[in-house]
Amino acid sequence: MRALVSVSDKRGVVEFATALKELGWEIIATGGTMTTLRAAGLEITNISDVTGFPEICEGRVKTLHPKVHGGLLARRDSADHMAQLAENGIETIDMVCVNLYPFEATIAKEGVTMEDAVENIDIGGPSMLRSAAKNFASVSVVCDPNDYETVLAEIRAEGNTKPETRLKLSAKAYTHTALYDSHIATYMRKAAGLDEKLFLSFDAIQTLRYGENPHQQAKFYRSNNEVAYSVAYAKQLGGKELSYNNIQDANAALSIVREFDEPFCVGLKHMNPCGAAVGKDLKEAWVKAYEADKVSIYGGIVAMNRPLTAEVATLMKPIFLEIVMAPAFEPEALEVLASKKNLRLLEVKMNGQKEPQPQYVGVAGGLLVQDADVNCLEVVADMCVTERKPSAEELVDMNFGWRVVKHVKSNAIVVVKDGATLGVGAGQMNRVGSAEIALNQAKAAGATEGLVLASDGFLPFDDTVELASKYGVVAIVQPGGSIRDEDAIKKANEKGITMLFTGMRHFKH
């Protein structure tokens, strides 16, 4: 039995090759792999001794030869195939152990050139993998070091791998080459300015109990590249397994958290914030966020941008929550929450790039792709369009409300004061309906003066301004852009309300 070994990822390859030698296999190797194995004291056959041809073009050509691919592709149950091998002095190759040049890692490096990228495009490796995978009836193809032990165990037990194992290995090999080619194609297409094709690569990390509802099946997939504020890359420190809806809500909460640098806390329910606040420290932020809506936070999710302390954990403990997310958890905080066996605690990376990432939304028979809405203009006094100008305190609250309202389902209205939400109106079919919900919440909380209102889209009529004036709103921030902007401005001037136009909309459907 003969195995051809040529790997870029050399984890475990010496032990694997050593075990194969002990089982009576001949090992053929190329370049760097051969050097590594011989340095370990193994007797290895050089690929050039098999092909009768030297490696040429700086190693670009070494395995593209009939004595390699004939030995892999020939059907062992075909008399004609085997006769042709004999006539041409070709021996069969029974295993290929290959993984590919690190193209993806290369292009991820800062300042990588096209020349560097091209030199890390593997040609012979994918060819061998595909040849071996095609002939899985007789050939084992191993591209993942994690499969070494399975392969060795079966050879020890039965003299060769099982047919069903070779089929799985074949599927993995084709997946390996398909992903590899997709990375190359994506890189080259971007360089060439082509964008009519989209290649996506995600790995399954969890089979969920069910999807949005119990009758729906679901899985959770993760991208290959880690990003900040990602539930997919979070470390779970305690609690039950995440559900489909948990993951959706956690993602929405983290999107809000990334807006703030000062101590911040948000409670979230059904992908909408029910209470959000900034504070001088995490304790103050939590207390303000909780006080904003004590009812809706029941069974909700909490996310914060500071390590969870024992003091704040103690305040949270009596409340039924599904998930708590933070960049870190103090050991004492974990002890406080240890008795809440079902509470999911997620440690989330909250530093790194904030540039837009692609956002994918499936529709029947299609896929919508856009940059995530991570940009948010600073609200400044120059944006004022009314006679009454904003105070410094109102500008602070308008910036806070503006960063929160972009994460509320449209039509969205948020009412805030002193760095905390007092009312959230989400997802209504008209904007005044959302305003009524938010303003009534603020009134129920006893807030009736000095309020700031933020709207994710423009106010199409003056009715929202009229309503806001009756509930103690003194400042409104909105995108502007309606054909009836003047009506809203006129009403604001009439009621003595400050109004600012940002010029940027933040719909969230």
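Trainee: Which residues is F320 in contact with, leaving aside its neighbours within four places in sequence?

Mentor: A contact here means heavy atoms within 4.5 Å. In this predicted model, F320 is in contact with I297, Y298, G299 and G300, once its neighbours within four places in sequence are left aside.

Trainee: Where does F320 lie, and how far apart in space are F320 and G32, C-alpha to C-alpha?

Mentor: F320 lies in the loop between α13, which covers residues 310-316, and β12, which covers residues 321-326. F320 and G32 are 288 residues apart in sequence, and their C-alpha atoms are 58 Å apart in space.

Trainee: Is T161 buried or exposed?

Mentor: To answer that, we look at the relative accessible area, and a residue is called buried when this value is under 20%. T161 has a relative accessible area of 4%, so T161 is buried. By comparison with the cut-offs, F320 has a relative accessible area of 38% and is therefore partly exposed, since the range for that label runs between 20% and 50%.

Trainee: What surrounds T161, setting aside its neighbours within four places in sequence?

Mentor: T161 is found in the loop between α9 (148-158) and α10 (163-192). Leaving aside neighbours within four places in sequence, T161 is in contact with S140, V151, E154, I155 and R166. In addition, the side chains of T161 and N160 are joined by a polar contact of 3.4 Å.

Trainee: In which helix is K495 found, and which residues does K495 touch beyond those up to four places away in sequence?

Mentor: K495 is found in helix α18, which comprises residues 485-495, and, not counting residues up to four places away in sequence, K495 touches E466 and S469. The relative accessible area of K495 is 35%, so K495 is partly exposed. You can also set sequence beside space for this residue, as K495 and V474 are 21 residues apart in sequence and 8.7 Å apart from C-alpha to C-alpha.

Trainee: How many helices and strands are there in the protein, and what is its radius of gyration?

Mentor: The protein has 18 helices and 20 strands. Its radius of gyration is 31 Å, whereas a compact globule of 509 residues would have one near 23 Å. The C-alpha atoms, taken along the principal axes, fill a box of roughly 100 × 55 × 40 Å.

Trainee: What share of the residues is buried?

Mentor: Buried residues make up 46% of the 509 residues in the protein. As for the surface, the protein exposes about 25,000 Å², and carbon and sulfur atoms supply 51% of it.

Notes
Residues are numbered from 1 along each chain as its sequence is written. This is a predicted model: local features need pLDDT of at least 70, side-chain atom pairs count only at pLDDT 80 or more; totals for chains, interfaces and linings use all residues. Side-chain values use heavy atoms; hydrogens and water are left out. Helices (H or I, at least four residues) and strands (E, at least two) are DSSP runs, numbered from the N terminus. The radius of gyration is taken over C-alpha atoms; the globule rule is 2.2 Å times the number of residues to the power 0.38. Buried means under 20% relative accessible area, exposed over 50%, partly exposed in between (1.4 Å probe, protein chains only). Accessible areas come from the Shrake-Rupley method with a 1.4 Å probe; for residues, only the protein chains shown count as cover. A polar contact is a pair of N or O atoms within 3.5 Å; within protein, one must be able to donate a hydrogen and the other to accept it, and residues adjacent in sequence count only if both atoms are side-chain atoms.
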